[in-house]
Amino acid sequence: MAEVTVTEHLLFHQKQTPHATGKFTGLLYDLILSGKTISRRINKAGLLDILGGTGEVNVQGENVQKLDDIANRIMIYRMERSGAICAMSSEEEASLIRVGPEFPRGDYILIFDPLDGSSNIDVNVNVGTIFSIHRRPEGRSGEVTLDEVLQPGRNQVAAGYILYGPSTMLVLSTGQGVHGFTLDPGVGEFLLSHPDMTIPEQGKIYSVNEGYSRYWDAATEEAVDWFHHCETKDGGAYSARYVGSLVADFHRTLIYGGIYMYPADTRKPKGKLRLMCEASPLAFLAEQAGGKASNGRERILDIYPDKLHCRTPLFIGSKKDVETVENIFARHNKQA
Ligand code: AHG
Ligand code: MN
Ligand code: MN
């Protein structure tokens with residue numbers, strides 16, 4: 001079998017992508033290295049004293065797991081040395097991280113969730129690192145300001161995730177489709193295993209935390225209920241799946257199709273998921289793979305973030321399944 005490494009793939013695409021300079025490829029290479037380092041730590045999690053919480057609560061009001069903290073440090077350490085970045089934002093850090101003058105700087109802005117699904121770590125269920133890359137707006141120099149970072153997701157130049165599962169996978173888009181790479185731990189290289197990933201137009205799986213249904217509004221209730229009663233293309237029932245790690249639930253949706261939903265509810269009126277480090281990068285991948293991502297009313301990639309850690313409801317996956325939800329929300333909006 002002809003094995004293509006991620007480095008070969010990136011160099012090949014660099015020739016065809018106008019923004020893909022050597023610096024950009026270097027940035028991705030450092031991201032991949034961070035992912036491999038995190039993967040190694042996660043693989044050993046049960047053997048070392050790194051399971052459980054740190055006892056701290058992060059900016060999101062959530063308990064910080066030791067591995068959240070480890071993954072966050074690995075990312076910041078490696079990426080601020082990449083020479084391609086001027087600023088970063090991490091789910092675990094309250095403020096923008098500006099790359100200091102002691103390091104070479106570039107024009108890229110990196111936004112990441114160092115460890116997604118970390119409440120699943122202690123039970124050995126898949127977790128991942130999600131990343132989003134923007135370019136600094138044209139003509140800006142000097143200290144990066146917050147408004148430069150608060151860009152809509154459609155401006156992303158690349159997005160992806162590293163999934164730490166039975167095997168470690170990198171799923172990446174630089175705006176030319178979505179490609180998946182699997183880590184061969186023996187040689188320490190990601191090899192192209194899933195070229196040109198596409199989401200089926202309609203799926204057979206719906207994914208939502210139904211335990212919260214008592215907090216939903218009528219539109220959300222109707223949307224989820226639609227998947228209880230509708231038929232798949234083959235005339236069967238939709239199946240339910242919910243891992244509770246967004247990155248794992250999205251990965252399944254990308255491959256099998258269907259829909260993942262994290263709606264707003266009375267306890268979380270803006271939803272739970274973070275627009276910039278979770279919803280937007282996955283929306284970029286979904287659209288690149290022929291799927292859709294919406295907050296129920298609006299395309300995720302068109303939303304302007306008003307702050308670094310703003311949240312959004314998310315409906316993402318197969319085009320037809322997401323449109324079904326949007327139609328139900330539109331009807332409820334008209335009635336209101
Ligand atoms: P994180 O671990 O980065 O804080 O993200 C957790 C998120 C996401 O991964 C997952 O889909 C969702 O939380 C699950 O939330 P519920 O437990 O409310 O369903
Ligand atoms: Mn997350
Ligand atoms: Mn996280």
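User: What is the distance between an oxygen atom of ligand 1 and an N or O atom in the side chain of Asp116?

Analyst: The two atoms are 2.8 Å apart. A polar contact is a pair of N or O atoms within 3.5 Å; within protein, one must be able to donate a hydrogen and the other to accept it, and residues adjacent in sequence count only if both atoms are side-chain atoms. The pair with Asp116 therefore counts as a polar contact. This is a predicted model, in which local features need pLDDT of at least 70 and side-chain atom pairs count only at pLDDT 80 or more, while totals for chains, interfaces and linings use all residues. Residues are numbered from 1 along each chain as its sequence is written, chains are lettered from A and ligands numbered from 1 in the order in which they are written, and side-chain values use heavy atoms, with hydrogens and water left out.

User: Which other side chains have a polar atom at 3.2 Å or 3.4 Å from an oxygen atom of ligand 1?

Analyst: Glu62 has a polar side-chain atom 3.2 Å from an oxygen atom of ligand 1, and Arg274 has one at 3.4 Å. How much of the ligand the protein covers is a separate value: alone, ligand 1 exposes 470 Å², and the protein buries 88% of that. Such areas come from the Shrake-Rupley method with a 1.4 Å probe; for residues, only the protein chains shown count as cover.

User: How many residues surround ligand 1, and which are the closest?

Analyst: There are 18, and the closest are Asp116, Gly117, Asn209, Tyr242 and Tyr262. A residue is counted if one of its heavy atoms lies within 4 Å of the molecule. Strand 5 gives the largest share of this shell, 3 residues. Strand 5 and strand 13 (259-262) each supply at least two. Helices (H or I, at least four residues) and strands (E, at least two) are DSSP runs, numbered from the N terminus.

User: What makes Asp113, Asp116 and Glu278 donors of the manganese ion (ligand 2)?

Analyst: Donors are N, O and S atoms within 2.8 Å of the metal (3.2 Å for Na, K and Ca); water is not among the atoms, so sites may look incomplete. Asp113 (OD), Asp116 (OD) and Glu278 (OE) coordinate this ion at 1.8 to 2.1 Å, so they pass the limit. Along the chain these donors follow the spacing D-x2-D-x161-E. Asp113 lies in strand 5 and Glu278 in helix 7 (residues 275-288), so this pair ties together parts that are 165 residues apart in sequence.

User: Which residues are the protein donors of the manganese ion (ligand 3)?

Analyst: They are Glu91 (OE), Asp113 (OD) and Leu115 (O), at 2.3 to 2.5 Å from the ion. Their spacing along the chain is E-x21-D-x1-L. The manganese ion (ligand 3) lies 3.7 Å from the manganese ion (ligand 2), and Asp113 coordinates both. Glu91 is in the loop between strand 3 (85-90) and strand 4 (97-98), while Leu115 is in strand 5 (residues 108-116), so this pair ties together parts that are 24 residues apart in sequence.

User: Why is His179 called buried?

Analyst: Buried means under 20% relative accessible area, exposed over 50%, and partly exposed in between (1.4 Å probe, protein chains only). His179 has 7% relative accessibility, so it counts as buried. His179 is placed in strand 9 (residues 179-184). A polar atom of its side chain lies 3.1 Å from the backbone oxygen of Gln176, and the side chain of His179 also reaches the backbone nitrogen of Asp196 at 3.1 Å.

User: Is Asp196 buried or exposed, and how do you know?

Analyst: Asp196 has a relative accessible area of 52%, so it is exposed. Asp196 is in the loop between strand 10 (189-194) and strand 11 (205-207). Its phi is positive, about 50°, although Asp196 is not a glycine.

User: What about Asn124: buried or exposed?

Analyst: With a relative accessible area of 74%, Asn124 is exposed. Asn124 lies in the loop between strand 5 and strand 6 (127-135), and has a positive phi of about 60° although it is not a glycine.

User: Why is helix 7 called mostly covered?

Analyst: Of its 14 residues, 12 are buried. Among them are Cys277, Glu278 and Pro281. The C-alpha atom of Pro281 is 7.9 Å from that of Gln156, which is 125 residues away along the chain. Gln156 has a relative accessible area of 5%, so it is buried.
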